[in-house]
Structure formats: C-alpha cells, structure tokens
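Hi everyone, thanks for coming. Today I'd like to walk you through some charged side chains, and then a bit of the surface.

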Amino acid sequence: MCSRHRFASARILISAIVLTSVMLSACVIGCTTTNTPADPEGAIHAYVMAFNRGDGEAVYSMLSGDAQSRQSRIETMILVDDYMTNEMFFSDLRVLDVQYTDSTRATASIAFTLVFAESHIPRNKTVLLIKEGNDWKLTHVYTPAGCSVCG
C-alpha cells in the first residue's frame, strides 16, 4: 500500500474517532443535564416521566423544599421503586388546566390512566406547585394511586 493511501486511511480513521467522541460527549451531556421546566405543565410532565422510568432521585429533586422536609430522599426512592416493582405507572397524562394563585403558586388539574397489571383506571388529580427560584416544584409526592405524605 502506498504511503498516500495509508495517510488517507489514517485521516479517515482519526476523523471517525473524533466524530464518534464528539457525538458521545454530546449525548452524555444531553442525557445527564436536567432541563428545568419553565412552567407548571412542564414540571408535571417531567415529574411523571421521571416517576415512570423509576428515577426516584429525579422525582425527589422535583419536590419543593417543604415536600422534601416531609419525605426523605430514601423514602421517595423506595416509594418509586415499589411502583416500578409492582408495574404501576402513569399513562396518557393530560394537563387539563393550570390556575395561578400568584407568580409563585399554581394549581393544575390533570387526567391520566393508572396502569396496574391488567387494569387501566382513568384518574383525575389536582397538583399543587410552587416556584422556588426559577424552578417549578411539586408540593407533594404524587403517585399514580394517590398522594403520598399529603397534608
């Protein structure tokens, strides 16, 4: 093989390695960066997605400081894990309405289907949210079956 072909092959290989590294870095950054929901509807969708994938850590991070004081990180992770173990989750989530009490408090009406074993049960809930800094947070741990530590 002539040296020109070896250099061309080496350049192609190096280019492929660099491109693959850039793509993997972008994926890792994109997959590990938490997008802060800009509104209550976005916060609810992000919470449900985290709950359904069994990410108790993310669920806990979406709770208000007051909610976190009522339920620990470990308790939240165990709760989410129990739902995953029992294959119980939210499906067909719809945020029906969001009412703002003021610029930092909101109440959302949601509808979804509780999926459990062979059952698909339509449910409605009211979700309370508070804005802490720039982030909308849920004021309680909401589960497909009910509200944990409400009050």
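**Salt bridges, and a lysine without one**

Let's start with Asp55, which is partly exposed, at 25% relative accessible area. Keep in mind that we're looking at a predicted model.

So who does Asp55 pair up with? Its side chain meets that of Arg53 in a salt bridge, at 3.4 Å from N to O. Arg53 counts as exposed, with 51% relative accessibility.

How many salt bridges are there in total? The count comes to three, so let's go through the other two.

Next up is Arg73 with Glu57, where the closest N and O atoms are 2.3 Å apart. Arg73 sits in helix α5 while Glu57 belongs to helix α3, residues 56-61, so this pair ties together parts that are 16 residues apart in sequence. Both ends are partly exposed: Arg73 has 37% relative accessibility, and Glu57 has 35%.

Then there's Arg70 and Asp66, whose side chains meet at 2.4 Å, again N to O. Here the two partners share helix α4, residues 65-70, and because they're four residues apart, about one helical turn separates them. Arg70 is partly exposed at 27%, and so is Asp66, at 48%.

Okay, now for the lysine. Find Lys137 in strand β4, which covers residues 135-138. Is Lys137 buried or exposed? It's buried, and yet it has no salt bridge. Why not? The nearest side chain of opposite charge, Asp135, is 4.3 Å away, and a salt bridge needs the nitrogen and the oxygen within 4 Å.

What does the Lys137 side chain have beside it, then? One of its polar atoms lies 2.5 Å from the backbone oxygen of Ser61. If you skip the neighbours within four places in sequence, the residues in contact with Lys137 include Ser61, Met62, Leu63 and Ser64. Leu128, Leu129, Ile130 and Glu132 are in contact with Lys137 too.

Last stop: the surface. Which residues make the nonpolar patch of about 270 Å²? They're Ile74, Met77 and Ile78. Take Ile74 as an example: you'll find it in helix α5, residues 73-85, and it's exposed, with a relative accessible area of 54%. That's the helix where we met Arg73 earlier.

To recap, we've seen three salt bridges, a buried lysine, Lys137, without one, and a nonpolar patch on the surface. Thanks for listening!

Note on methods: Residues numbered from 1 in each chain as written. Predicted model: local features only at pLDDT ≥ 70, side-chain atom pairs only at ≥ 80, totals over all residues. Heavy atoms only, no water. Helix = DSSP H or I, 4+ residues; strand = E, 2+ residues; numbered from the N terminus. Buried < 20%, exposed > 50% of the residue type's maximum accessible area, 1.4 Å probe, protein only. Lys, Arg positive; Asp, Glu negative; His and termini not counted. Polar contact = N/O pair within 3.5 Å; in protein donor to acceptor, adjacent residues only side chain to side chain. Contact = heavy atoms within 4.5 Å. Patch = residues over 30% accessible without salt bridge, like charges linked within 9 Å, V, L, I, M, F, W, Y side chains within 5 Å. Areas by Shrake-Rupley, 256 points an atom, 1.4 Å probe, with all protein chains shown as cover.
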